[in-house]
2 protein chains.
Amino acid sequence: MARTVRGVLGVGIVLSLWTVLAAADDFRPFQPLPAQPPVPASNPQSAAKIALGAQLFFDARLSPAGTVACLTCHNVLAGGEDSRARSVTVGGGSTSRNAPTLWNVGFYTAYFRDGRATSLEHAVEEQLLSAEAMAMASPEALVERVSAILGYREQFAQVFGSKNAIGLANIAKALAAYLRTLVTQDSAFDQYLRGHEQALSPQAKRGFEVYVDSGCASCHFWVNLAGPVPGLAFAMGEGFYELFPNYLGSAFDARYQLTQDVGRVTISGDETDKHMWRVTGLRNVAITAPYFHNGSVTTLAEAVRVMAKTQLNKDFTDEQIADVVAFLQSLTGRFPEPRVPRLPPSEDGSVFAKP
Amino acid sequence: MARTVRGVLGVGIVLSLWTVLAAADDFRPFQPLPAQPPVPASNPQSAAKIALGAQLFFDARLSPAGTVACLTCHNVLAGGEDSRARSVTVGGGSTSRNAPTLWNVGFYTAYFRDGRATSLEHAVEEQLLSAEAMAMASPEALVERVSAILGYREQFAQVFGSKNAIGLANIAKALAAYLRTLVTQDSAFDQYLRGHEQALSPQAKRGFEVYVDSGCASCHFWVNLAGPVPGLAFAMGEGFYELFPNYLGSAFDARYQLTQDVGRVTISGDETDKHMWRVTGLRNVAITAPYFHNGSVTTLAEAVRVMAKTQLNKDFTDEQIADVVAFLQSLTGRFPEPRVPRLPPSEDGSVFAKP
């Protein structure tokens, strides 16, 4: 079981990680996003593996009826999500939670909003088989589907070095390798952190002050503004969580149904994990509406208002909110040009069953 | 009403277009695919328009719930279709016919398997609103959706030169401009036609002989192997049709349900159009299984066997079939590297309704 670390806001947590870290001489709570997230030794990056992962990511044949690709809910051609409160499943239903962006996903220490996956590879494996995502019936069904495509058979053998290279683990490894390339650098905030004072507008600078002074930064700090990254104080798999809502009883609880989903307790069974959520990264947050685990809030300004009240018990003024929004907008990075490889064609015959 | 021209195989048609054309000195029934299909004067190509069309093509926000993009059923990252017998609609149902490839679509003189659209622009307009395709409720709903995205407002104004540029017609124009760039040149057959004798294998050459001598070529000729292209004997909108099955009564009629769908008569109301279908282009046919209007045949070899029997009343030997398949495989062209544009992000708030 991975060690769980809660943010300063967690009930019963008296020590702020931020405070502890700040005691160190070299603590820099805000840092430009590195060009690449940490890469596990068990899944080194290679150009061929990344290209294969990109193909799999864009390939709807990885869902039972060929109707859904990873891309469908995580549109990396735009903000990396699907602009929906909840996603539509292959069966036409609704997912239970909002699809998060996959941009900069490699900087997390734990995966999913409840932190139930301790590596990106495990998270991908789960999504390939989850009825809420790719919905393949079994690892065997997935392997059979991918193996039916000559181009994939050749590529997997080349990347993983054996004739029987197509398996759930390797499919997930290729996808994870691709996901670790989804990095948005050079936001206005990054430029500011590198010393370009003018990169932030006066309003964004005021917003940054509010953000730090009022306590937003206690959880939303470091490179991905989601707390620790792997290798920096935390090991991979150690989630960084906050209680949400931290202050119960505001009008927002009901208005946005904030307490219906009880969060991490569902996974851990630990009552102190009730309403605990992995801290969400804030990079590109301005283009990933709607917000929160249930996608109930449609504007960034309202999301800031809700967070101030529920997490810090503060009523931000409209001006403070506008300032913080200006700061958050400065977190939108430079998106690399999409490089989408061609997909290997299906061989003679269809990979799908007859109508 | 567009003039309808039937192929040599149509019942009651005594004159083969091929025979008529062959009398002309300059008739070259097979020609390499040009780099670009005909472009209507009303919709000239431009780099900005093509880029906008590509974005719209990849953008699932053009469907009601954001679940389906043009790309979903016409996967231009691969063969330009969806490898399915029939496609899945936004409602989870089945389309009535097989989705054709969009590669080289600009070389047709009429659109859809029943030729009901007389221009690519009209075909796109129909698909945006069709319940079987993008399923937008009305032109107004579509315009509202696209207009909700700042990037599109700016791009449409730039491409079409007015502030109120977002309308069904212009959306279709941009998409059509993009579709006209989907051209696959330099197939082995194209190289052969340009004088590289060795580009075709001996088997493919034997298959080409069978293809011409037995009569396949009477309908499947010219650059797209689908009969006349706009400006060459035909004007845009004049469909080139064949009766399918031409010889009724083979075992294939029942096995593949070939007569259930009555084809063009549904659109024209003309009884002589019963079981008439626009001749389908054969470029890249080897990678666009399954086959026919209902996607009932899963292999190319079986498709050749069926066509020989139903259209020419011939029982091809296994060797003849293998030879023709080898020829048809030589029609797979060189696919340009995908150039997938980034999509403009949704603005603050979601373009979709709440859950």
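## Exercises on a predicted two-chain model

Among contacts in chain A (heavy atoms within 4.5 Å) between residues at least 6 apart in sequence, 70% join residues at least 24 apart. Before we start: this is a predicted model, where local features need pLDDT of at least 70, side-chain atom pairs count only at pLDDT 80 or more, and totals for chains, interfaces and linings use all residues. Residues are numbered from 1 along each chain as its sequence is written, chains are lettered from A and ligands numbered from 1 in the order in which they are written, and side-chain values use heavy atoms, with hydrogens and water left out.

### Exercise 1: the fold of chain A

Task: find how many helices and strands chain A has, and compare its radius of gyration with that of a compact globule.

Solution.
1. Start with the secondary structure: chain A has 13 helices and three strands. Helices (H or I, at least four residues) and strands (E, at least two) are DSSP runs, numbered from the N terminus.
2. Next, take the radius of gyration over C-alpha atoms; the globule rule is 2.2 Å times the number of residues to the power 0.38. For 355 residues this gives a value near 20 Å, and the 21 Å of chain A agrees with it.
3. Finally, look at burial: 58% of the 355 residues in chain A are buried (under 20% relative accessible area, with exposed over 50% and partly exposed in between; 1.4 Å probe, protein chains only).

### Exercise 2: relating the two chains

Task: work out which rotation superposes chain B on chain A.

Solution.
1. Superpose the copies by least squares on the C-alpha atoms of residues with pLDDT of at least 70 in both.
2. Read off the result: a rotation of 180° with 0.0 Å of shift along its axis, at RMSD 0.0 Å. The copies are therefore related as by a two-fold rotation axis.
3. Check the interface: 100% of the interface residues of chain B are also interface residues in chain A, so the copies meet through the same surface.

### Exercise 3: unusual backbone

Task: locate cis peptide bonds in chain B and a positive phi in chain A.

Solution.
1. Recall the background: most residues other than glycine have a negative phi, and most peptide bonds are trans.
2. The bond from Phe244(B) to Pro245(B) is cis, with omega near 0°; Pro245(B) sits in the loop between strand 2 (239-243) and helix 10 (251-255) of chain B.
3. Another cis bond runs from Ala289(B) to Pro290(B), with omega near -5°.
4. In chain A, His275(A) is not a glycine, yet has a positive phi of about 65°. His275(A) is buried, with a relative accessible area of 13%.
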